[in-house]
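Hi there,

Here is the structure I promised to pass on. Have a look at it first, and then read on for my notes.

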Amino acid sequence: MADQDCGCTISRRTLLGAGAAGVFAGLAGELLSTQLAYASPGYQGDVFVLLSLRGGFDGLSAVVPHGDPAYYKARPGIAVPKARLIGGDAAFGLNPALAPLLPFWKSGKLAAVQAVGQPAPNRSHFSAMEELERAAPGTTLRTGWLDRMVGGLGASGAFDAVSVGSAMPARVLVGPAPDLDLKSVDKFVLSGESTNRPMAQTIAALYADAPDALARTAATATSALATAGQLQAAGYTPANGAAYPDTELGRALRDVARLVKSDVGLMSACVDYGEWDMHENLGTATSGKRMYDHLAELAHALAAFATDLGPAGMGRVTLITVSEFGRRVAQNGSGGLDHGYGNAMFVLGGGVKGGKVYGRWPGLSASRLVAGDLAVTTDYRAVIGEILRARCGVSDVARVFPGVKPSTLGLVRAN
């Protein structure tokens, strides 16, 4: 096995698909949480970035329904005061912690969707995230929806799917499409590689005359290492004065921007950002409080990402946020929120029709709730399907999300 400091893995899914698990098992490590997918030749769609807010994101604290009086009644100690909201309208406003993203909201590059979620409530972190990433309830499919997406678009090489970041399960990429996992671009090296022991060259030589399945796997691994080596040699300085926070999320998004601009054919990226499971001490909307500070960290990282890419780069990127479930409408006795249902999504990109909140608001009065939770009026798969069709060229959305039709929200322009 690769040691724990190794920055790269060739996914077991890839190796098993190539019939070479036994040959390269010694090079493979565990999957990491940020998946990057590199397109097959000729792909003209957006780079699709999936940011998973693991732990149960509270969409009502981020996209605040100030126009619904039941919100303030349900959260007397943690509701965001209307006077502090930013970028709002008569119904909704953004948490002030999201101020770094306000320029993108005002310029129409950032939008939100409220009352969005899975088809049925599921308050278990593990099973809810598994279903979110499989995205095929009522079927026998066991692949991840992003694997179905990139596979349908012709993914075939090592850089068609890549990971960067923290070590969370990558169920969204489970399946036959190849994927490559790295902790970061600069740490993407073969375990044990050195100038005195050029292992990549040795592997290439050893498998040059091997059967096709083995030779292809070796070529994929060495080609990926060579590409990463070129990126490392070139170095990277963010553009446009972008200042990424020195956090795991900031570093991961910096690498995504780096790969977008490197023209290696990036098709899709998935990044994890957790710690949203705030059962107690969620806090008020001020600096130093738990929810506020976590939202601020998210906003600073996303703003740096969009700034770094600039208008040209963002013109070919669409980023969305998802979470396994939302939180209860009413605060609990510990000043926090328990597991809920309906939630909010953010959509950021050059093709977004932003500056507004999409979706049908069901209301927060007791008769409108689902067992005390915000109801879901828009399936998250339909939202993603609309983006995949309009921005990524996925003509058969049902292949990615069985039985689901793309939403007609109109939140993105056609590519």
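L51 has V271 in β9 as its bridge partner. Keep in mind while you browse that this is a predicted model. The two strands behind that bridge are β3 (residues 47–52) and β9, which pair in the parallel sense over 5 bridges. How covered is β9? Mostly: 7 of its 7 residues are buried.

β3 turns up again when you look at helix α6, which spans residues 125–134. Its buried residues are A128, M129, L132, E133 and R134. What do the buried residues of α6 pack against? The list is β3, α7 (145–152), β10 (317–322) and α12 (380–391). Right after α6 comes A135, which has a positive phi of about 60°.

Now for the helix pair I'd look at next. α10 covers residues 248–261 and α11 covers residues 290–314. Their axes come within 9 Å and cross at roughly 15°. Angles under 35 degrees count as roughly parallel, so α10 is roughly parallel to α11. As for handedness, the crossing of these two helices is right-handed.

Which residues meet there? On the α10 side you'll find L249, G250, L253, V256, A257, V260 and K261. Across from them in α11 are E297, L298, A301, L302, F305, D308 and L309. Sorted by class, the contact of α10 with α11 has 10 nonpolar, 1 polar and 3 charged residues.

Two loop residues are worth a click as well. The loop between α10 and β9 (266–272) holds D263. Phi of D263 is near 60°, a positive value in a residue other than glycine. Is D263 buried or exposed? Its relative accessible area is 61%, so D263 is exposed.

On the other side of β9, in the loop between β9 and α11, sits N281. Here too phi is positive in a residue other than glycine, with N281 near 50°. N281 has a relative accessible area of 57%, which means that it is exposed.

If you want a route through the model, start at the L51 bridge to V271 in β9. From β3, go on to the buried residues of α6 that pack against it. Then step to the loop between α10 and β9 for D263, and to the loop between β9 and α11 for N281. Finish on the right-handed crossing of α10 and α11.

Happy browsing!

Terms used. Residues are numbered from 1 along each chain as its sequence is written. This is a predicted model: local features need pLDDT of at least 70, side-chain atom pairs count only at pLDDT 80 or more; totals for chains, interfaces and linings use all residues. Side-chain values use heavy atoms; hydrogens and water are left out. Axes are lines fitted to C-alpha atoms, for helices over the stretch in contact, and angles run from 0 to 180 degrees between N-to-C directions. Helices (H or I, at least four residues) and strands (E, at least two) are DSSP runs, numbered from the N terminus. Angles under 35 degrees count as roughly parallel, over 145 as roughly antiparallel, 65 to 115 as roughly perpendicular and the rest as oblique. A crossing is left-handed if the near helix is turned anticlockwise from the far one by less than a right angle, and right-handed if clockwise. Contact means heavy atoms within 4.5 Å. Ala, Val, Leu, Ile, Met, Phe, Trp, Tyr, Cys and Pro count as nonpolar, Asp, Glu, Lys and Arg as charged, and the others, Gly among them, as polar. Buried means under 20% relative accessible area, exposed over 50%, partly exposed in between (1.4 Å probe, protein chains only). Two strands pair if DSSP finds at least two bridges between them.
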